[in-house]
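Hi there,

Here is the structure I promised to pass on to you. Have a look at it first, and then read my notes below.

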Amino acid sequence: MEAKEEAAEWTTARLKLHILRCDLCNGRLTPPVYQNEQGFAACHKCQKTLTPSSSSTPGYIRNHALEKVIESLSIPCSHSAHGCNEYLPYLGSSIANHEKDCSYAPRRRCFIKKCAFEAPNGALVQHLTAEHRIKIHYFSYEVPLRVSIDPDEPLLVLRASDDGVDFVLFNSVDKCSEYHNFSVVCCSQSRPSKKIFSKLALADEGIEIWLKIPVEQWDGLFCTTAFLVVPPYFYGPDGKIDLKVSMHVED
Ligand SMILES: [Zn+2]
Ligand SMILES: [Zn+2]
Ligand SMILES: [Zn+2]
């Protein structure tokens, strides 16, 4: 009888994950979850900003019901479309750990020419930093970052401080014209849930032309619709190319 009840506890349901976001800052909700006097869900950071309508109320209460939903939730591995049947807890790092090593994750060749290393997207950046000594440049979304790239440097890794998502800024050179083509791809384990744009410009004080390009998930090919083209005579005095890069998340 007990076993029957246990089996009945699990069912597969479909859920729109965006409902598990804070109604105030849109951040991902994890326990403790609160709600304000109007019933809107608030994360623990936003809870501190909730002001009571009268001195007799605190302005918020814990939302234990929503916490229970979040705690009991398991979500499919992001490689389910490739055949993985694993469901892992929504909370904690077990899903990220699984996806990194998931045998169904499509493997990509290392970006560096002549390197035969292959791994899923989530492990490529780790390989680039460990084996090819590629430095990670940290940035915040919406905030322009100035980077200097050597004309011979094939790429830079850009990591969002906000959510840890990795991007690669490619520097490919057209052999005939020697013009440099710059573009950005996302190199995170799973496809970001929101549309991301890169804005690229030459960090030349006299010129301010930003190129806005949608950022795609790295799929082993050059998956970009446009490049920022920089002719060799725009090298800086130190022989490097100075760029301004800013990344934007569209709601
Ligand atoms: Zn919040
Ligand atoms: Zn998997
Ligand atoms: Zn490599």
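**Two zinc sites**

The zinc ion (ligand 1) is held by the SG atoms of Cys 22, Cys 25, Cys 43 and Cys 46, at 2.3 Å. Please keep in mind that this is a predicted model. The donor atoms around this ion subtend angles of 107 to 116°, so their arrangement is tetrahedral. To find these donors in the sequence, look for the spacing C-x2-C-x17-C-x2-C. Both Cys 43 and Cys 46 are buried.

Which residues serve as protein donors for the zinc ion (ligand 2)? Here they are Cys 77 (SG), Cys 84 (SG), His 98 (NE2) and Cys 102 (SG), at 2.1 to 2.3 Å from the ion. The angles among the four donor atoms of ligand 2 run from 102 to 113°, and this site is tetrahedral. Along the chain, the spacing of its donors reads C-x6-C-x13-H-x3-C. Cys 77 sits in the loop between β4 (74-76) and β5 (87-89), while His 98 belongs to helix α4 (residues 94-101), so this pair ties together parts that lie 21 residues apart in sequence.

Are these two residues buried or exposed? Residues under 20% relative accessible area count as buried. Cys 77 has a relative accessibility of 1%, so it is buried. His 98 has 19%, and therefore counts as buried too.

**Domains and a sheet**

The domain assignment splits the protein into domain 1 (2-72), domain 2 (76-105) and domain 3 (107-250). Between the C-alpha centres of domain 1 and domain 3 there are 37 Å.

Next, try to trace an open sheet of four strands, which run in the order β9-β16-β13-β14 with antiparallel pairing. At its edges are β9 (145-149) and β14 (211-215), each of which pairs on one side only. On average, and ignoring direction, neighbouring strands of this sheet are turned by 30° against each other. How many bridges link β13 and β14? Strand β13 (residues 195-202) pairs with β14 over five bridges, in the antiparallel sense. You can also look for Phe 197, which stands opposite Pro 214 in β14.

**A helix with two faces**

Helix α3 (residues 64-72) has Leu 66, Glu 67 and Ile 70 among its residues, and these three are buried. They cover an arc of only 105° around the axis, so they lie on the same side of α3. Turn to the face away from that buried side, and you will meet the exposed residues Ala 65 and Lys 68.

**Backbone details to look up**

The loop between α1 (2-8) and β1 (34-36) is worth a visit. Pro 32 is found there, and the peptide bond leading from Pro 31 to Pro 32 is cis, with omega near 0°. Asn 26 is in the loop between α1 and β1 as well. Although Asn 26 is not a glycine, its phi is positive, at about 70°. Its relative accessible area is 34%, so Asn 26 is partly exposed.

Lys 114 also has a positive phi without being a glycine, with a value near 75°. You will find Lys 114 in the loop between β6 (107-109) and β7 (118-120). With a relative accessible area of 86%, Lys 114 is exposed.

Enjoy exploring, and write back with any questions!

Best wishes

Technical notes: Residues numbered from 1 in each chain as written. Chains lettered and ligands numbered in written order. Predicted model: local features only at pLDDT ≥ 70, side-chain atom pairs only at ≥ 80, totals over all residues. Heavy atoms only, no water. Donors = N, O, S within 2.8 Å, 3.2 Å for Na, K, Ca; no water. Tetrahedral: all angles 85-135°; square planar, octahedral: opposite > 155°, others 65-115°. Buried < 20%, exposed > 50% of the residue type's maximum accessible area, 1.4 Å probe, protein only. Pairing = 2+ DSSP bridges. Axes fitted to C-alpha atoms, helices over the stretch in contact; angles between N-to-C directions. Domains from an automatic or database assignment. Arc of directions from axis to C-beta.
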